[in-house]
Amino acid sequence: MASISLRGVQKSYGEGAPVIRDVDLEIGENEFCVFLGPSGCGKSTLLRMIAGLEDVTDGDLSIGGKVVNDVPSAQRGVAMVFQSYALFPHMTVFENMAFGLKIAKTPKDEVDRRVREAARILQLEALLERRPKALSGGQRQRVAIGRAIVREPGVFLFDEPLSNLDATLRGQTRVEIARLHKQFATASVVYVTHDQIEAMTLADKIVLLHAGKDTEKYGSIAQIGAPLELYHRPASRFVAGFIGSPRMNFLAGKVAAIDANGVSVTLDSGGETVRVNVDGAALKVGQPVTFGVRPEHLELEAASSSTAPSAATTQAQANSANAAVLTRVVSLVEQLGEHSYVHLEEADGAVLIAKAPGDTHLKQGEHASFRAPAAACHLFTEDGFAVASLATVEHYA
């Protein structure tokens, strides 16, 4: 087993600004850690630094309690699975999986034992004499994973291993990787992806990285936490907008009132006053803020019609449910079977997206009303940071 520690780690190329800036991170033994973020945020570079394929410009990188900044990759006790599989086309599956062990002069009977055990686990036993060209994409990726497994490393590194697979194979292989991690409970895993579904379903811990100039202002790491922590308690508007699909809705507004139970915000677009269960101690009345609510947390009101409801009706609904009611004109309905996404027109030309039942009868041009429960909503200041939540309703926490 091996833990990984990064202290003040930076990476620069030449005299340019750092592409990795001020990274402090602890990855525990047997932890499945996912580096997530948009293209260009440096997640693969950070992984390659752990692997020893990129030098550390500044800071300390430790594996198993030992600083490895100057330790060659082959001596770090890590095994890496690449995006491109990197299989030798002239070798059989067995030979590909055994290659690293033979280079390390592992005894022949031990090589055979490890390869066949990995093949059994990955369901490759019937394919050991085939060459890569005779394998599907999913089978090739399993061979690449098997080549890492046979080395019995303390750390597995995965660099976007599923990006070359189709949607069905991605789902199947994702399940296999999760199963393997449970089976090889002695190894830590660091996994790079830009796919938040992979991150949410695989990770014990997500490290979400900023991209571009955001790193100069905020550093490379936007937030570290368990998947549901990033989903329910995003630290910034960037995190809230990146985690979740469709992304969180953001509406500009101003603080209308502050009390012990939360903050009231008047929206610029519709003029409604919405409640948010956050600690408003650091806010001021009249201060510009951004109100956020996820599409799946907007609750469709039972009635909708082709005409806008009266203000009195809307206010009565809001008071009775202890939640704001947002009424907008439907511009598009995406029907996906199990559920639908309803696109609602905003006064400023933006779009508010709400999740509705798959059999919804809402039509383009109708008015639709959705409740925004205070416990499910978020608030962000002008600099993009989230206002801390108060105790929330269990259903949303």
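Does Phe88 count as buried, partly exposed or exposed, and at what relative accessibility? In this predicted model, Phe88 has a relative accessibility of 29% and therefore counts as partly exposed, since the buried class ends under 20% and the exposed class begins over 50%. A good place to continue is with the aromatic rings, of which Phe88 is one member.

Across the whole structure, a search returns 7 aromatic pairs. In one of them, the ring centres of Phe88 and Phe99 are 4.8 Å apart and the planes meet at 55°, so this pair is classed as tilted. The two residues are 11 residues apart and the pair links distant parts of the chain, with Phe88 in the loop between strand S6 (78-81) and helix H2 (93-103) and Phe99 in helix H2 itself. Phe99, with a relative accessible area of 31%, is likewise partly exposed. Another tilted pair is made by Phe156 and Phe158, at 6.4 Å centre to centre and with 35° between the planes. Here both residues, Phe156 and Phe158, are buried. Phe156 and Phe158 also belong to a cluster, in which ring pairs connect them with Phe32 and Tyr191.

Aromatic rings also meet charged groups in this model. The ring of Phe250 has the charged end of Arg237 over it, 4.3 Å from the ring centre. For Tyr231, the charged end over the ring is that of Arg294, also 4.3 Å from the centre.

Phe250 falls within the residue range of strand S11 (residues 249-259), which leads to the strands that follow. S11 and S12 run antiparallel and are joined by 6 bridges, with Lys254 standing opposite Thr266 of S12. The connection between S11 and S12 is a hairpin of 2 residues. On to the next partner: S12 pairs with strand S13 (residues 273-276), again in the antiparallel sense, over 4 bridges. Within this pairing, Ser264 has Arg275 of S13 as its bridge partner. S12 and S13 likewise form a hairpin, this one with 5 residues between the strands, and Gly271 in the turn has a positive phi of about 80°. As for the surroundings of S12 (residues 262-267), 5 of its 6 residues are buried, so the strand is largely enclosed by the rest of the structure.

Helix H1 (residues 43-51) tells a similar story: 7 of its 9 residues are buried, so the rest of the structure largely encloses this helix. The buried residues of H1 are Lys43, Thr45, Leu46, Leu47, Met49, Ile50 and Ala51. Directly after H1 comes Gly52, with a positive phi near 90°.

Finally, the open spaces of the model deserve a look. The largest pocket has a volume of about 520 Å³. It is lined by 19 residues, and those closest to its centre are Val78, Met80, Gly100, Arg147 and Arg151. Two or more lining residues come from each of S6, H2 and helix H4 (137-149). H2, the helix that holds Phe99, gives the largest share of the lining, 4 residues. By residue type, the lining of the largest pocket divides into 15 nonpolar, 2 polar and 2 charged residues.

Conventions:
Residues are numbered from 1 along each chain as its sequence is written. This is a predicted model: local features need pLDDT of at least 70, side-chain atom pairs count only at pLDDT 80 or more; totals for chains, interfaces and linings use all residues. Side-chain values use heavy atoms; hydrogens and water are left out. Buried means under 20% relative accessible area, exposed over 50%, partly exposed in between (1.4 Å probe, protein chains only). Two strands pair if DSSP finds at least two bridges between them. Rings of Phe, Tyr and Trp (its six-membered ring) pair if their centres lie within 6.5 Å; planes under 30 degrees apart count as stacked, over 60 as edge-to-face and the rest as tilted. A charge sits over a ring if NZ of Lys or CZ of Arg is within 6 Å of the ring centre and within 35 degrees of the ring normal. On a 1 Å grid over the protein atoms alone, a cavity is a set of points where a 1.4 Å probe fits but cannot get out, and a pocket is an open set with protein on both sides within 12 Å along at least five of seven lines; lining residues have an atom within 4 Å of a point. Grid points are joined across faces, edges and corners, and a volume is the space filled by probe spheres set on the points. Ala, Val, Leu, Ile, Met, Phe, Trp, Tyr, Cys and Pro count as nonpolar, Asp, Glu, Lys and Arg as charged, and the others, Gly among them, as polar.
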